[in-house]
Amino acid sequence: VGLLDLELNQLTKALFLALVALSVVMVTLQGFVGPWYRNLFRFLLLFSYIIPISLRVNLDMGKAAYGWMIMKDDNIPGTVVRTSTIPEELGRLVYLLTDKTGTLTQNEMVFKRLHLGTVSYGTDTMDEIQSHIINSYSQAHSQNSGNSTSSTPSRKPQPSAPKVRKSVSSRIHEAVKAIALCHNVTPVYESRAGVSGETEYAEVDQDFSDENRTYQASSPDEVALVQWTESVGLTLVNRDLTSMQLKTPGGHILTYYILQIFPFTSESKRMGIIVRDESSGEITFYMKGADVAMSAIVQYNDWLEEECGNMAREGLRTLVVAKKSLTEEQYQDFESRYNQAKLSIHDRNLKVAAVVESLEREMELLCLTGVEDQLQADVRPTLEMLRNAGIKIWMLTGDKLETATCIAKSSHLVSRTQDIHIFRPVTTRGEAHLELNAFRRKHDCALVISGDSLEVCLKYYEHEFVELACQCPAVVCCRCSPTQKAHIVKLLQHHTGKRTCAIGDGGNDVSMIQAADCGIGIEGKEGKQASLAADFSITQFKHIGRLLMVHGRNSYKRSAALGQFVMHRGLIISTMQAVFSSVFYFASVPLYQGFLMVGYATIYTMFPVFSLVLDQDVKPEMALLYPELYKDLTKGRSLSFKTFLIWVLISIYQGGILMYGALLLFESEFVHVVAISFTALILTELLMVALTIRTWHWLMVVAEFLSLGCYVASLAFLNEYFG
């Protein structure tokens, strides 16, 4: 239920009280003569037109019309309205809570950087990596063919040999091989036969050429990594449950058997795989994951943390890749313990995790990868427009602090001139208190806070924190879980009482979208969960500007005008009835008979009043050019007790003049008082609609003349009613 409906409910309650009061006044003026309670109920029925029963019907039809207009707008193609009851909410929003990945960014990953500790490769130096890979594989192959008699190629390092600093070439070789093996990606080949081909020939007809290959994975990051290894010469050509095949630059196929795979979870923030090389029988445990999770697992080094920070400041998503060579005995020992843990009945997950963790020690750090997620089209001007419209934008993301801050700056969520206050990680009440005080001293600066610190602040200083955060022009919450996102939405609603809107693109944003007053889903790479759970579904973030500034504005303004006009329509006829009764010694006699009353609310005035849903106070271009106009809507001035009282006074004045004028001016024609006053009433209503309209539409003119025509025609048929 939208805010406008709740406001109209309040006004309807006020009208009901007015109806009862008016009836009591009439009976009192009668002097409680005879069976006065019977007269009271007769007056209640006579004045019952004060209660706008047709209001709901008109509003619901109006909402359906707005929904149709939104879906038919060519400037925002692909928009779907899934909830027809709250289009007016789009015009009242104060807080916009947005996800980052896939919402502000495209969720299309591009591999940008490989860092090996001493040397870093960017997009312009990828050809060096390619030449290293080609050399190392051609050498390995020539060595292999050289000593084909021996089962173990000379590439295998002897465990007893002292650790020698490896050459850059071999480190690149290891790093690229690790990235090509440690993932959950499957190459897919389209069959040439297409749809017409029979299924049994599908295997034969498959085209295993490079052009025909696409990669499928649950995360776009992994696809970007595998596509990059293909570009430098090491290609993933095949994968099934037990093995993987890589193609070297020389066209040789290397087979690796998958012994174990440990999938990525949001708790562990890492994934691992144990593979056995077919040619050498070597067993290697590869692992990749977030720097937070991996820094404790890899051997001591002095560069990882610093480089992760550097990459994050450039807006890159980082992954740390590491490996560990296992002997046959080590692996057999691990496998037996792992299987034992999987069979345990109590605390299975904990035991399995503990066994895997026994392997995750002192791993050899291979490299750090940086993947870029590009911003969506027109994100900057859209965020700028929303900020000018007085909407406060909060970005809630699961990414790390530096990446989130970088995207917030590059998307102009935080303007370049603004200070950013990064909330230090806090774990205790005292720390939270100190940090809040430090933040309180700063003025007009954006806030960046992590999910854990947020939990602590909300636990001890909920009210103070929300009060401070609400004054910020922008807030970025990083490392947020889906439940935290929903919790923040509810907090804002509870503490500010303002309308909130959540926008996201993935399953992790559904809870936030459903908690907000108005949920908007984007159909993105992560499927349709968010768009199906939302009230409005859009295809790109930039469409939100037009959705709020134009459609939100129009829906709210039109519904407010329509609602008040329907109330005015009932009040004016009830005022005439009251004047009529007063003149005739407070007799509870109806002024207009059955069909006239029915026709009044339907055939005579329905079309013109409903045509108010086509009205617009400013042109769409103006609303988009001056987003500041939106600020006025959030104050809710189009429909308030003040505007309502103005309409009530207009109705009483008009109704009184119409009835009293008809009685005074046409005293000699008193027999025709019904026809005279009713005609005046219909003409007044039609004129009032014409005066309320800001922008004329041809359908409005049609509606006015249609109603007038219907009335004139009915004068001939319903002459007995006008007697």
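**Strand pairing and enclosed cavities**

User: Which residue in β12 is the bridge partner of M287?
Analyst: In β12, M287 has A322 as its bridge partner. This is a predicted model, in which local features need pLDDT of at least 70 and side-chain atom pairs count only at pLDDT 80 or more, while totals for chains, interfaces and linings use all residues. Residues are numbered from 1 along each chain as its sequence is written, and side-chain values use heavy atoms, without hydrogens and water.

User: How do you know that β11 and β12 pair?
Analyst: Two strands (DSSP runs of E, at least two residues) pair if DSSP finds at least two bridges between them; seven bridges join β11 (residues 283–289) to β12 (residues 316–326), so the two strands are paired, and they run antiparallel.

User: What makes β4 and β7 the edge strands?
Analyst: The open sheet of nine strands has the order β4-β3-β13-β12-β11-β10-β9-β8-β7, and β4 (120–121) and β7 (235–239) each pair on one side only.

User: Why is the space lined by W394 and L454, among others, called a cavity?
Analyst: On a 1 Å grid over the protein atoms alone, a cavity is a set of points where a 1.4 Å probe fits but cannot get out, and lining residues have an atom within 4 Å of a point. The largest cavity, about 60 Å³ in volume (the space filled by probe spheres set on the points), is lined by residues including W394, L454, F465 and I488.

User: Which helix gives the most to the lining of the largest cavity?
Analyst: Helix α15 (451–470) gives the most, with four residues.

Methods
On a 1 Å grid over the protein atoms alone, a cavity is a set of points where a 1.4 Å probe fits but cannot get out, and a pocket is an open set with protein on both sides within 12 Å along at least five of seven lines; lining residues have an atom within 4 Å of a point.
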